[in-house]
Amino acid sequence: MSKRILIVDDAAFMRMMIKDILTKNGFEVVGEAGDGAQAVEKYAELKPDLVTMDITMPEMDGITALKEIKGKNPNAVIIMCSAMGQQAMVIDAIQAGAKDFIVKPFQADRVIEAISKALA
């Protein structure tokens, strides 16, 4: 059975890029969210195996959403996505329970490596 993934990013084209990488590599994208608040709702509704979470988003940022999801499900597997130069936020995210992080612009092999490792 393919692993079910929720993609969270406020930029539609970024969601599309990740979705493309994932589906080409046999993962099932079960949902998408454009901000942290939607991410928390969709996580509860869809119960994905893994979430890719952008850090900087309107409404609710990725770190707050990560903490909310982890608060409800300590076993949630979340990988943060960050642009260059967000190291401090990445450290916050890892301390809050993120499994790994991938840097934008996405490199397909790095995305797959991070997800495969997080799900192992």
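Let me start with the sheet. In this predicted model, five strands form an open sheet in the order 2-1-3-4-5, and the pairing is parallel. The edges are strand 2, residues 28–33, and strand 5, residues 100–103. Each of these has a single partner strand, so one side of each has no neighbour in the sheet. From one strand to the next, the twist averages 20°.

Now one pair in more detail. Strand 1, residues 4–8, pairs with strand 2 in the parallel sense, and the two share five bridges. As a point to find on the screen, look at isoleucine 7: across from this residue, in strand 2, is glutamate 32.

Next, what lies across these strands? Helix 1, residues 12–24, lies across strand 1, strand 2, strand 3 at 50–54 and strand 4 at 78–82. Relative to strand 2, helix 1 runs at about 170°.

On to helix 2, which covers residues 36–46 and includes glutamine 38. Is glutamine 38 buried, partly exposed or exposed? Its relative accessibility is 35%, and because partly exposed covers the range between 20% and 50%, glutamine 38 counts as partly exposed. For a distance across the model, take glutamine 38 and proline 74: they are 36 residues apart along the chain, and their C-alpha atoms are separated by 19 Å.

Last, the annotation. An unreviewed UniProt entry places the feature "domain: Response regulatory" at residues 4–119. In the model, that span is 48% helix and 22% strand. The C-alpha atoms at the two ends of the span, residues 4 and 119, lie 11 Å apart.

Methods: Residues numbered from 1 in each chain as written. Predicted model: local features only at pLDDT ≥ 70, side-chain atom pairs only at ≥ 80, totals over all residues. Heavy atoms only, no water. UniProt positions renumbered as here; feature names shortened; annotations may be inferred. Helix = DSSP H or I, 4+ residues; strand = E, 2+ residues; numbered from the N terminus. Buried < 20%, exposed > 50% of the residue type's maximum accessible area, 1.4 Å probe, protein only. Pairing = 2+ DSSP bridges. Axes fitted to C-alpha atoms, helices over the stretch in contact; angles between N-to-C directions. Contact = heavy atoms within 4.5 Å.
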